[in-house]
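Colleague: I would like to learn how the words used for a structure follow from its values. Could we go through some of them together, step by step?

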Amino acid sequence: MSSDSIRATFFSPSWLADKAMQDGRTAKVKNRAAAAIQVTAEQLLRDAQERQEAQFRAPRQRVEDFEELHEYRGRKRKEFEERIRRTPGNLKEWTSYASWEASQGEHDRSRSVYERALEVDARASKLWLSYVEMELKARNVQHARNLLDRAVTLLPRIDLFWYKYVYLEELLENIPGARQVFERWMAWEPEDKAWSGYIKMEERYQELERASEIYKRWVAVRPEPRIWVKWAKFEEERGMIDRARDVYETALRFFGDEEEEVDKGQAVFAAFAKMETKIKEYERARVIYKFALSRLPRSKSVNLYAAYTKFEKQHGTRTTVEVTVWNKRRIQYEEEVANDPFNYDTWFDFARLEEDAYRTLRDDGEDEEQLDKAIDRVREVYERAVAKVPMAKEKRAWRRYIFLWLFYAVFEEVETKDWARARDIYKAAISVVPHKQFTFAKLWLQYSRFEIRRLDVATARKVLGTGIGMSPKEKLFKGYIELELELKEFDRVRTLYQKYIEHDSSNSTAWIAFASLEAALQDIPRARAIYELGISQQTLSMPELLWKSYIDFEVTEGGYERDRSKVRSLYERLVERTGHVKVWISWALFEGSALKPPAEEEAEDQAEEDEGLPADLEKAREVFERGYKELKNRGLKEERVVLLEGWKKFEEENGTEDDVARVQARMPQVTKRWKKLDTGDMEEYWDILFADDEREANPATFKFIQNALAWRSKDGTTKSGGMLAELLAEDDDDESDSADEGVAKKQDDDDDPDDDDEKSSNEGDRMDD
């Protein structure tokens, strides 16, 4: 070859790519563009199928005479011998060799091959099974028996040989032989399936006593609950109830009475109880369930409790069913408190369950021992619950916890009548609470009420005094005052109110309650002095309540004395201090109503009712007028509207139509206005327009509009309303036309410093004209 051809061959792209792949380097693709002709996956698969070469098949040989047969057998034996010589440990080759000899009818040669293979690996179970199958196919039963006997002797832990052996003997109806094989097998203490197979064989041939003896040997070898249950059920199914009961009792004696032993034998207890239930021995079944449940913790006996619950629902009384349900719920609550011991709602439910159980047993007339056990269970739950003190020092986290103590104390007081224990519970609860951070008035009050019920008033007062001294609270003061009121100790009540007000002088409720007490005791000067002292405080939580109570008090006393002067004086002081519109309305309504003494029980011979002081309508109108002017001077438009509404309602109830019309004429109208913002833009807003304001601001224009309205009213076209109603109606119609004009007018007048920024878009232009 020439040098050019050599260079073209060895330096072609394909050669370079192959060389790069041989060197472990990936060939770089220079052109990554898509090929002009795309090949699909379907085409690739089709080409691969078409180019696939046919598999080699050995030619089929036909043997015509014995000479060719001997030659063929010799050639095959030589091949097999060569294979097993190269790989003597490959049992597949030995099995193929022996199977081929057996297929040729050479069973002696096949046995020889198997024996040679067993010398190589005598523990190969598949080799033994293949050997046995060969003998059975050749109907050499005795040879198969001998092989199985050799196999189970050499490999007794392989159950498949034993099954084959037993099946063969039973198939040949050699039952004693099969039994002997089983006995040899049982000596090795095999798995449960072997024992079950032995028993089933005896059952098939009605040898039930032999089967029972096998069960006895089985539980001796493997004393598990399920084996005992199987044996007992076997005796039960063949009608031997007494023997089945003896089996269960023997099993229970074997497992013992300790907690771990009873837990292990739960299946035996459940099966024993079910058998007694099936033969309608309900009392025996109930005793068995209770015996097991009494020795097991609730967390380990969920399934047994479920079976017991089902039993009681079917065959028990109402009490037994309730007890069963309680036990089931106890297990549930135990799991919940174990998962979250600070879930006080669960503790409440748990304690309530135990209390209900105790009450039910007491109502059913149970003996003292059972009642004492129920009480102990309740106390145990409460003690475990109150031991879970909240970790956070926040009152929110303690609210539910404190109720556990209270319920515990109430149970001891009401149910068990153990008052000393209840007192100790209250003291323990008070000692637990961090009173420097917060306290619970309910706890102190409940403790004091308990002492009152025990007729120990001194201790009750001491408890409340201690609570107020450690952490004074409004509820504590109120509870202490209520207690002394019930005891009719009014001097103590006065003292408590003084302490209460010293603690919080801004509490209007305390002042009102103190004054109400003095009023109820008919000490009017003292009540009036308390009210005066209360309203003179610089800070009050709700001063309006105190003023209202003071006014109501003076109204009541004024009804007795037929005098309005004290009430008027209070209203004068109140409007000077606040000037609120509601005060003006209340004052006017007071003047416009009759002043009567409070309704009391009258004597039977009293003929007429006391009319009291009559209403002073003119004085009421003067108050309305005065309030209106005051609010007007202060520029409070919304409050003026509220006062006019109240005035109008008052005139509708007490005045004439002219009086109502006079107030109606003062009612304002709502109009649209514009105001200039700091940015120079105009903003639209709604304003309240009063007629008297317009009359004072622009008297000439107002007079002109009044005359125009009077002229139009002659034609009957003017609508009823205030004097500005027509003007505002016209403004509404011309709103779109005059809005731009009003804006332009405001922009032209911006240079005048005396001009107001807030003018009506319609009314302002009319006033300027």
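Colleague: Which residue in β2 does W674 stand opposite?

Modeller: Please keep in mind that this is a predicted model; in it, W674 stands opposite E684 in β2.

Colleague: How do you know that β1 and β2 pair, and in which sense do they run?

Modeller: Strand β1, residues 669-676, and strand β2, residues 682-689, are joined over 8 bridges in the antiparallel sense, and since a pair needs at least two bridges, the two strands count as paired. Together β1 and β2 form a hairpin with 5 residues between them, and in the turn G680 has a positive phi of about 95 degrees.

Colleague: What makes helix α32 mostly covered?

Modeller: Of the 11 residues in α32, which spans residues 581-591, 8 are buried, where buried means under 20% relative accessible area. Among the buried residues are W584, W587 and F590, and the list also includes E591.

Colleague: Why is A385 called buried?

Modeller: The relative accessibility of A385 is 1%, and the limit for buried is under 20%, therefore A385 counts as buried. A385 is found in helix α21, and its C-alpha atom is separated by 9.5 Å from that of T346, although the two residues are 39 residues apart along the chain.

Colleague: Why is E366 called partly exposed?

Modeller: E366 has a relative accessibility of 32%, and partly exposed covers what lies between the limits of 20% and 50%, so E366 counts as partly exposed. E366 sits in the loop between α20 and α21, and a negative surface patch is formed by E366, D367, E368, D372, D376 and E380. A patch residue needs over 30% relative accessible area, and E366 has 32%.

Colleague: How do you know that D108 and R111 meet in a salt bridge?

Modeller: Their side chains are 2.8 Å apart, taken from N to O, and the definition asks for a nitrogen within 4 Å of a carboxyl oxygen, so D108 and R111 count as a salt bridge. Both lie in helix α6, and because D108 and R111 are 3 residues apart there, they are separated by about one helical turn. An α-helix has 3.6 residues a turn, so residues three or four places apart point the same way.

Colleague: Are the two partners buried or exposed, D108 and R111?

Modeller: D108 has 59% relative accessibility and counts as exposed, as the limit is over 50%, whereas R111 has 15% and counts as buried.

Colleague: What makes R184 and D149 a salt bridge?

Modeller: The closest N and O atoms of R184 and D149 are 2.7 Å apart, which is within the limit of 4 Å. This pair links distant parts of the chain, with R184 in helix α10 and D149 in helix α8, 35 residues apart. Each of them is partly exposed, R184 with a relative accessible area of 33% and D149 with 28%.

Colleague: Why is E235 called buried, and what is the relative accessibility of its partner R238?

Modeller: E235 has a relative accessible area of 0%, so E235 is buried, while R238 has 22% and counts as partly exposed. The side chains of E235 and R238 meet in a salt bridge of 2.9 Å, N to O. Elsewhere, salt bridges that share partners join E355, D356, R359, R362, D363 and E415 into one network.

Colleague: How many salt bridges does a search of the whole structure find?

Modeller: The search finds 62 salt bridges.

Technical notes
Residues are numbered from 1 along each chain as its sequence is written. This is a predicted model: local features need pLDDT of at least 70, side-chain atom pairs count only at pLDDT 80 or more; totals for chains, interfaces and linings use all residues. Side-chain values use heavy atoms; hydrogens and water are left out. Buried means under 20% relative accessible area, exposed over 50%, partly exposed in between (1.4 Å probe, protein chains only). Helices (H or I, at least four residues) and strands (E, at least two) are DSSP runs, numbered from the N terminus. Patches are made of residues with over 30% relative accessible area and no salt bridge: like charges are joined within 9 Å, nonpolar side chains (Val, Leu, Ile, Met, Phe, Trp, Tyr) within 5 Å. Accessible areas come from the Shrake-Rupley method with a 1.4 Å probe; for residues, only the protein chains shown count as cover. Lys and Arg count as positive and Asp and Glu as negative; His and the chain ends are not counted. The place of a charge is taken as NZ of Lys, CZ of Arg, CG of Asp or CD of Glu.
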